[in-house]
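Visitor: I'd like to learn how to read features in a model like this one. Could you take me through it?

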Amino acid sequence: MAKLAFDTGGTFTDFALLDDDGELHLHKVLSTPKNPAEAVVQGATELLDRFASVIDLVKLQVLGATTVVTNAVLERKGVETGFISTAGFQDMLRIRNEGRYDLYDLNLRYPDPLVTRANSFGAEARMTADGAVVTELKEDAIREIAGRLRSKGIKSVAVCLLHAYKYPKHEQRIAALLREESPDIFVSLSSEVCPEVREFDRASTTVVNAYTRPQMAGHVAHLQREFANKGIDRQVLWMTSSGGLVPSLRAAELPVRLIESGPAAGAVAAAEFGRTAGEASVLSFDMGGTTAKLCLIPNGEPTVGTDLEVAHYQRFRKGSGFPLKIQSIQMIEIGAGGGSIAAKNPLGLLDVGPRSAGALPGPAAYQRGGTEPTVTDADILLGYMGVESFVGGSFKVSKDAAREAMEKLAASLDVSVDRCAWGIHDLVNESMSKAAAMHATDLGVDPRTLPMVAFGGAGPVHAYGIARKLGIKRIICPTGAGVTSAIGLLIAPVAVDLSASFPMGVDNWDFEQMERLLDDLAAQGAEVVSAAGIAKEAITNRYTVDMRYVGQGHEITVALPDRNLRKDEFLQQLMDNFTKLYRELFGRTVSASLEVITWRLRSSGGKDQVTRPHKAQVAVALKGKRSVYFNELGSYVETPVYDHYKLPLDQPIKGPAIIEQRESTAVVGPSGAAHVDGHGNLVINIL
C-alpha cells in the first residue's frame with residue numbers, strides 16, 4: 001500500500017512518498033507559517049502529480065506531523081480560552097505548584113497563563129479523594145458561566161475539577177451543560193485529556209489542549225477536505241509526541257499530544273537507521289531550520305517519558321514553562337538551526353540564536369527579506385553548502401547576499417568575514433555538543449561510546465564538528481537525511497498511549513480492580529487503533545505503572561508483569577522490577593512499602609520497513625570541486641564534491657570531502673573517511 005508522509009517544519013515542509021512499487025520518493029518545499037496547510041497541499045500535489053502512474057489514490061494512506069500546536073503555544077496564537085475549576089481554585093494557573101526553578105532569583109518569572117483571570121471560573125461542586133460528594137454540582141451556575149463565555153465570544157474551554165482524574169462525573173455533566181447552552185463550543189475535560197494526579201499539571205495540560213484545539217481541528221479538517229478532493233478519502237494519521245500514529249479525529253480532539261510530533265518522528269527514524277547500520281544504541285541528532293534536537297536511543301527504542309515542558313520563560317530552563325502530563329520521547333532541544341540569527345551581545349561577543357529567521361524572511365542568502373546573518377549563511381560562505389545544489393538546485397540562494405549580511409556583523413566584531421562565519425559555525429557546534437554531553441550524562445551514558453545518527457537539513461553539515469567535540473567516532477547520515485522525520489512517519493506504528501491514576505498499595509493489592517482498570521484501558525486503546533484500520537487481533541498492548549515508595553512525592557515507571565502469573569509471583573516480580581530500576585537510578589533502595597499511582601498502556605499495531613538496498617552505480621559520483629574551509633587545516637581547501645546517490649557501495653572516500661544529497665549535505669573533515677553501506681547510509685568514521 002502506498003503512503004504519503006509530510007512533516008510541517010519551521011523553515012521547510014518535508015515529504016516522503018512510498019509508491020505502490022515500494023520505491024521511496026522525497027520532496028521538500030518552503031513552509032508557509034501563516035497557513036501551514038498551504039505548503040502541505042503544494043508539496044503533496046507536486047509529488048502526486050509527478051508519480052501518479054505508480055500510486056492508487058483510493059488506497060493511499062496519508063501520514064502527518066505538524067508544528068501547528070507547538071507554534072500556537074510558543075507564539076501565543078491560540079484561541080481565547082475559558083477555564084473552569086473547582087470553586088476557590090480559579091487562580092491555580094497563576095499559583096502553579098509553588099515550585100521555583102531558581103531558588104536565589106528574587107525576580108523569578110513564569111510565562112503568563114494561556115487563560116486570563118477574567119476568563120477563569122469556579123464551579124460549585126466538590127468531591128473528596130475517595131469519591132464522596134461534599135457539594136452537588138450547581139447546574140444553574142454552570143449555565144450562567146456558559147452565558148458569560150458566550151458573551152465574550154469564547155469558543156473553547158478547559159475544565160479541571162479536583163479528583164476528576166478518578167471521579168469524572170461532575171466534569172462530564174459540566175461538558176453536557178456547556179454544549180446545551182453553546183452547541184459549537186469546544187470542551188476539553190481533564191478526565192479525558194489527562195486523567196492523572198497533580199492538579200496543576202493536569203490543569204496545565206488541559207488548558208494547552210483547549211487553547212490549541214480549534215486551530216488543530218481546523219487544520220485537520222482543511223487537509224482532510226483537500227485530500228478528499230484529490231480522491232484520497234481515508235483519515236490522515238498523525239504522529240504523537242510518543243512516536244505513534246493516531247487518526248485525525250483523535251488528533252483533533254487531543255492536539256496537546258501532538259506538540260512534539262515532528263521531532264518524535266525523527267527519533268523513530270533514527271532508531272531504525274541505527275538498526276540497519278548494525279547499531280543497537282545511538283545518539284540521534286536532528287538539526288533543521290529553527291532548532292536542533294538530540295535524543296538518546298538505547299537498545300533500538302527511544303526513551304518515552306511521562307512529563308514534558310513547553311514555552312519556558314527562561315529558554316530551556318526546566319521548571320520555567322508549562323508542564324504537560326503526556327507521553328513523549330525524551331529529547332533535549334536547542335535554539336540552534338539553520339535559520340538561527342547571529343549577533344553581537346552586550347559584552348561585545350558573538351551569540352547565535354535563539355532568534356530565528358524561520359521560513360520568512362529566512363536567511364539572508366534566501367533573498368526573501370532577511371538581512372541578519374544566520375547559521376545557513378555562515379555554512380554557505382564556508383563552502384559547506386553549495387549555492388547551485390541547495391535543495392537539489394530547486395531553490396536558488398545567493399552567496400553574495402550571505403556575505404553582505406555577514407560583513408556587517410564581522411565589522412562590528414572587528415574580525416574578517418571568514419573568521420566571523422567560522423565563529424558562528426563553531427559556536428553552534430559547541431552549544432550542541434555541550435547539550436548532548438549533558439543529556440547523555442543525565443541518562444548515565446558516555447556519549448563517546450555512541451555512534452551519531454545525523455539528519456535534518458543542517459544535521460549532516462554540523463555532525464562532523466560536533467562528533468569531534470564529543471569524541472564520537474562514527475556518524476551515520478541516512479538516505480534522505482533532510483526529510484528523515486517524514487521517513488519516520490512511514491516507519492512508525494499506529495499507537496495510542498493511555499493512562500489512568502488509581503493509587504493502589506502493594507500491601508493491599510486489589511486484583512479485581514486492576515483487571516477492570518487494564519481492561520478499560522485496553523478497550524479504549526483498541527477503539528482508537530482499530531479506527532486507523534488496524535485489525536483488533538493485530539493490536540499489541542504494553543502495560544507499565546508509575547510506582548513509588550509510600551510517602552514519596554514522585555514516581556518511576558516500571559513494566560507491569562504478565563497478568564497471567566500467579567498472584568504471589570505477579571506481586572514479587574512487580575516489586576523486583578521496581579527495586580532493580582530504583583537502585584539503577586539512585587544507587588540504593590528504601591525500607592518502605594510500595595504503591596502504584598498511575599497505570600499506563602501503549603496499544604499499537606506493527607511497524608513498517610521502508611529502507612531499501614543501495615543500488616550499485618556505474619555513473620561518476622564526483623560532481624566537481626569547490627573551496628571549503630576546514631579549521632583543522634587553517635585554510636580553505638579545494639574539496640571534491642560527490643553525489644551521495646551515485647557513490648558505489650563501500651567505496652572509501654577520504655576526507656576532506658563534501659557529499660551531497662538533494663535534501664542535505666554531509667561534511668567529511670580531514671580526519672574523516674566515509675562510505676555508503678548496503679542500506680544507503682553514508683557512514684563517516686573519524687580517525
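Guide: Start with burial: buried means under 20% relative accessible area, exposed means over 50%, and partly exposed is in between (1.4 Å probe, protein chains only). This is a predicted model, where local features need pLDDT of at least 70, side-chain atom pairs count only at pLDDT 80 or more, and totals for chains, interfaces and linings use all residues. Residues are numbered from 1 along each chain as its sequence is written, and side-chain values use heavy atoms, leaving out hydrogens and water.

Visitor: Let's try one, then. Is Gln367 buried or exposed?

Guide: Gln367 has a relative accessible area of 54%, so it counts as exposed. You'll find Gln367 in the loop between strand 21 (350-356) and helix 10 (375-381). Those elements are DSSP runs numbered from the N terminus: helices are H or I with at least four residues, strands are E with at least two.

Visitor: What about the backbone there: what is phi of Gln367 near?

Guide: Most residues other than glycine have a negative phi, and most peptide bonds are trans. Gln367 has a positive phi, near 55 degrees. Asp414 is another non-glycine with a positive phi, about 60 degrees. Asp414 sits in the loop between helix 11 and helix 12 and is exposed, at 71% relative accessible area.

Visitor: And the peptide bonds: which sense, cis or trans, does the one from Gly655 to Pro656 have?

Guide: That one is cis, with omega near 5 degrees. Pro656 belongs to the loop between strand 30 and strand 31 (657-660).

Visitor: Back to the helices on either side of Asp414. At roughly how many degrees do the axes of helix 11 and helix 12 cross?

Guide: Axes are lines fitted to C-alpha atoms (for helices, over the stretch in contact), and angles run from 0 to 180 degrees between N-to-C directions. Helix 11 (residues 399-413) and helix 12 (residues 417-442) cross at roughly 95 degrees, their axes coming within 8 Å. The scale is: under 35 degrees roughly parallel, over 145 roughly antiparallel, 65 to 115 roughly perpendicular, and the rest oblique. Helix 11 and helix 12 are therefore roughly perpendicular. Contact, meaning heavy atoms within 4.5 Å, involves residues including Arg403, Met406 and Leu413 of helix 11 and Val417, Asp418 and Ile424 of helix 12. Sorted by class, that contact has eight nonpolar, no polar and three charged residues. Here Ala, Val, Leu, Ile, Met, Phe, Trp, Tyr, Cys and Pro count as nonpolar, Asp, Glu, Lys and Arg as charged, and the others, Gly among them, as polar.

Visitor: Is there another pair to compare? How far apart are the axes of helix 1 and helix 7?

Guide: Helix 1 (residues 36-50) and helix 7 (residues 199-229) have axes 10 Å apart and pack at about 25 degrees. That makes helix 1 roughly parallel to helix 7. Helix 1 contributes Pro36, Ala37, Val40, Val41 and Ala44, while helix 7 contributes His219, His222, Leu223, Glu226 and Phe227. This contact divides into seven nonpolar, two polar and one charged.

Visitor: On to sheets. What order do the eight strands of the open sheet have?

Guide: Strands of a sheet pair through backbone hydrogen bonds, either parallel or antiparallel. Two strands count as paired if DSSP finds at least two bridges between them. The order here is 19-14-13-22-23-34-33-30, with mixed pairing. Strand 19 (332-334) and strand 30 (653-654) are the edges, each pairing on one side only. Within the sheet, strand 22 (residues 452-455) and strand 23 (residues 474-477) are parallel, over two bridges; Val453 has Ile476 of strand 23 as bridge partner.

Visitor: Which strands does helix 13 touch?

Guide: Helix 13 (residues 459-470) packs on the sheet against strand 13, strand 22, strand 23, strand 33 (672-676) and strand 34 (682-686). It is mostly covered, with 10 of its 12 residues buried, among them Val461, His462 and Tyr464. Just after helix 13, Gly471 has a positive phi of about 85 degrees.

Visitor: One last spot: where does Glu595 lie?

Guide: Glu595 is in strand 27 and is buried, at 13% relative accessible area. Its contacts include Met504, Asp546, Arg548 and Tyr549. Strand 27 (residues 594-604) runs antiparallel to strand 25, joined by 10 bridges, with Arg542 opposite Arg602. Strand 25 (residues 540-549) also forms a hairpin with strand 26, with six residues between them.

Terms used:
Lists of a residue's contacts leave out its neighbours within four places in sequence.
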